[in-house]
Amino acid sequence: MLLQELLVDKKLVLASKSPRRRNLLKGLDVDFEIWDTSHDDDEPFPQNIPLHDVPVYLARHKASHFADRLDAKTILLACDTIVVCCNQILGKPKDEAAARQILGALQNKSHTVITGVCIKSKDVERVFSVSSEVYFKRLSPEQIDYYVSKYKPFDKAGAYGVQEWIGYVGVERIDGSYYNVMGLPVETLYDQLISFIKLISK
């Protein structure tokens, strides 16, 4: 069955303030509501967990804020994306100087983008993550300055949006999901949602 058919008697909710995630989910041709997650900015995570587990931890934490709003017909999606380079998480830059520093660290090497997803109903929770390897070519200081000053990527992990100018001129290749690098691995999410709905409908 199509996901749209399985959602006929369900309410799908995206817990996110990201316009990119909203647009990607719209691309699956499903109806959904938005629940705001502004309170989740810069949520901490335990320092002793492996880096690749951090996005799932944060997605689950984000979903937990809405547990009391879920009913039998509601399916909640919560996500978090991190950028890992040289075994360090590169977060969202706080200003132009931080953005230029992060992009300088990313250029001329590869980094990993990991998105954690939590699908949650009243009684069932499923989590998964998807990783993509992104290869940046060498960027000139002028290119970095141009991107940062024009696009102001302060709401983006790793200080860049792959769908923007920097992705056109700076990304040599991506091993894995392009949409995951944007913040929502819709290819995997589609199948996971179908499986999840069938599970809770038994």
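# Salt bridges, strands and cores: a guided chat

Visitor: Which residue forms a salt bridge with R60, with the closest N and O atoms 2.6 Å apart?
Guide: Welcome! R60 has a salt-bridge partner whose closest approach, N to O, is 2.6 Å. This is a predicted model, and the pair in it links distant parts of the chain, with R60 in helix α3 (residues 54-64) and its partner in strand β6, 65 residues apart. The partner is E125.

Visitor: Is R60 buried, partly exposed or exposed?
Guide: Buried requires under 20% relative accessible area and exposed requires over 50%. R60 has 38% relative accessibility, so this residue counts as partly exposed. E125, at 32%, falls in that class too. For R60, then, the answer is partly exposed.

Visitor: Which other side chain meets E125 in a salt bridge, at 3.2 Å, N to O?
Guide: Happy to show you this one. The residue in question is buried, with a relative accessible area of 15%, whereas E125 counts as partly exposed. The side chain that meets E125 at 3.2 Å is that of K120.

Visitor: How many residues apart in sequence are the parts tied together by K62 and D80?
Guide: The side chains of K62 and D80 meet in a salt bridge, 3.7 Å from N to O. K62 lies in helix α3 and D80 in strand β3 (residues 74-85), so the pair ties together two separate elements. Both residues are buried. The separation in sequence is 18 residues.

Visitor: How many salt bridges does the structure hold?
Guide: The pairs R60 with E125 and K62 with D80 are among them. Salt bridges that share partners also join R20, D155, K156 and E164 into one network. The total for the structure is 12.

Visitor: How many bridges join strand β5 to strand β6?
Guide: β5 (residues 110-120) and β6 (residues 125-136) run antiparallel. They form a hairpin, with four residues between the strands. Within this pairing, G116 has S129 as its bridge partner. The number of bridges joining β5 to β6 is 11.

Visitor: Which residue in β7 does V134 stand opposite?
Guide: Beyond the hairpin, β6 also pairs with strand β7 (residues 171-175). That pairing is antiparallel and runs over four bridges. Opposite V134 stands I174.

Visitor: Which helix gives the most to the largest nonpolar core?
Guide: The largest nonpolar core has 44 residues, and L25, L106, I119, Y160 and L189 have the most contacts inside it. I119 is in contact with residues including L189, L193 and F196, leaving aside neighbours within four places in sequence. A second, separate core of 10 residues includes V13, A63, L70 and C118. The helix that gives the most to the largest core, with six residues, is α8 (residues 186-200).

Visitor: Why are I144, Y147 and V148 on the same side of α5?
Guide: In helix α5 (residues 141-151), these three residues are buried. They lie on the same side because they cover an arc around the axis of only 95 degrees.

Visitor: Which exposed residues does the face of α5 turned away from its buried side carry?
Guide: The buried residues of α5 pack against α4 (96-106) and α6 (165-170). After α5 comes K152, with a positive phi near 45 degrees. The face turned away from the buried side carries the exposed residues E142 and K150.

Terms used: Residues numbered from 1 in each chain as written. Predicted model: local features only at pLDDT ≥ 70, side-chain atom pairs only at ≥ 80, totals over all residues. Heavy atoms only, no water. Buried < 20%, exposed > 50% of the residue type's maximum accessible area, 1.4 Å probe, protein only. Arc of directions from axis to C-beta. Contact = heavy atoms within 4.5 Å. Pairing = 2+ DSSP bridges. Core = buried A, V, L, I, M, F, W, Y, C linked by side-chain atoms within 4.5 Å. Salt bridge = Lys/Arg side-chain N within 4 Å of Asp/Glu carboxyl O.
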